[in-house]
Amino acid sequence: MTWLWAIIVGLVLGLIAKAVIPGKQQIPLWLTIIFGMLGAAAGNWVASGIGVADTKGIDWIRHLLQLAGAVLIVAVGDRLWVALRGRRKETT
C-alpha cells in the first residue's frame, strides 16, 4: 500500500509542478510520476533537516517543501530529457 500512495503523491505533485512551470514540458507521464516521487522524498528530507517533518495537524511546511522539490526536479529533469531526446521544437 505504501508504493501505491507514493505513486499517487508522485502523480499529483508532478502534475502540479508541470502546471506551475511556465511553458510546455516534454517529459512523459511516467517520468512525471517518478520526478514527483523524488520531489516528495527531497521535500521530506529537507523538512527533517530543519525539524518540521512531523508537526501537530497538517504538515503544511513539509507539503510545500515537497512541492518545491517536485518543481525543481521536474524543471531540471525536463531540460535533461529534452537534451537527451532532442524533442523540443525550435521557435524563431
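**Figure 1. A close-up of Ile27 and the residues around it.** In this predicted model, Ile27 touches Lys18, Thr32, Phe35, Val74, Gly77, Asp78 and Trp81, leaving out residues up to four places away in sequence. Ile27 also belongs to the largest nonpolar core, a set of 10 residues. Its other members are Leu13, Ala17, Ile21, Leu31, Phe35, Ala40, Ala70, Val74 and Trp81. At least two residues of this core come from each of helix H1 (2-20), helix H2 (29-50) and helix H3 (60-85).

**Figure 2. The whole chain, to help you find your way between the close-ups.** There are three helices and zero strands here, and from the N terminus the elements run α-α-α. Along the principal axes, the C-alpha atoms fill a box of roughly 50 × 30 × 20 Å. Of the 92 residues in the chain, 29% are buried. Take the contacts between residues at least 6 apart in sequence: 62% of them join residues at least 24 apart.

**Figure 3. Helix H1 and its buried side.** With 19 residues at 1.5 Å each, H1 should span 27 Å, and its end C-alpha atoms are indeed 27 Å apart. Which residues of H1 are buried? They are Gly10, Leu13, Gly14 and Ala17. These four cover an arc of only 105 degrees around the axis, so they lie on the same side of H1. It helps to recall that an α-helix has 3.6 residues a turn, so residues three or four places apart point the same way. Turned away from the buried side is a face that carries the exposed residues Trp5 and Ala19. The buried residues of H1 pack against H2 and H3.

**Figure 4. Where H1 meets H2.** The two helices pack at an angle of about 100 degrees, and their axes are 7 Å apart. That angle makes H1 roughly perpendicular to H2. On the H1 side, the contact is made by Trp3, Ala6, Ile7, Val9, Gly10, Leu11, Leu13, Gly14, Leu15 and Lys18. H2 contributes Leu29, Thr32, Ile33, Gly36, Met37 and Ala40. One residue to pick out is Leu29, which is in helix H2. Setting aside neighbours within four places in sequence, Leu29 is in contact with Leu11 and Leu15. From Leu29 to Gly14 the C-alpha distance is 8.7 Å, with their positions 15 residues apart in sequence.

**Figure 5. Gly36, a glycine in helix H2.** Is Gly36 buried or exposed? Its relative accessibility is 0%, so Gly36 counts as buried. Apart from neighbours within four places in sequence, Gly36 is in contact with Gly10, Leu13, Gly14 and Ala70. Ile8 is 28 residues away from Gly36 along the chain, and the C-alpha atoms of the two are separated by 9.3 Å.

**Figure 6. Helix H2 along its length.** The 22 residues of H2 should span 32 Å at 1.5 Å a residue, and its end C-alpha atoms, 31 Å apart, agree with this. Leu31, Thr32, Ile33, Phe35, Gly36, Gly39, Ala40, Gly43 and Ala47 are the buried residues of H2. They pack against H1 and H3. Just past the helix, look for Gly51, which takes a positive phi of about 85 degrees.

**Figure 7. Val52, in the loop between H2 and H3.** Although Val52 sits in a loop, its relative accessible area is 17%; the cut-off for buried is under 20%, so Val52 is buried. What does Val52 touch, not counting residues up to four places away in sequence? The list is Ala47, Ile61, Arg62 and Leu65. Between Val52 and Arg62, which are 10 residues apart in sequence, the C-alpha atoms are 6.6 Å apart in space.

**Figure 8. Helix H3 and what covers it.** H3 has 26 residues and should span 38 Å at 1.5 Å a residue; its end C-alpha atoms are 36 Å apart, which agrees. The buried residues in this helix are Arg62, Gln66, Gly69, Ala70, Val74, Gly77, Asp78, Trp81 and Val82. H1 and H2 are among the parts that cover them. Among these buried residues, Ala70, Val74 and Trp81 also appear in the largest nonpolar core, which brings us back to Ile27. After H3 comes Gly86, with a positive phi near 65 degrees.

Note on methods. Residues numbered from 1 in each chain as written. Predicted model: local features only at pLDDT ≥ 70, side-chain atom pairs only at ≥ 80, totals over all residues. Heavy atoms only, no water. Core = buried A, V, L, I, M, F, W, Y, C linked by side-chain atoms within 4.5 Å. Buried < 20%, exposed > 50% of the residue type's maximum accessible area, 1.4 Å probe, protein only. Contact = heavy atoms within 4.5 Å. Expected span 1.5 Å × (residues − 1). Arc of directions from axis to C-beta. Axes fitted to C-alpha atoms, helices over the stretch in contact; angles between N-to-C directions. Parallel < 35°, antiparallel > 145°, perpendicular 65-115°, else oblique.
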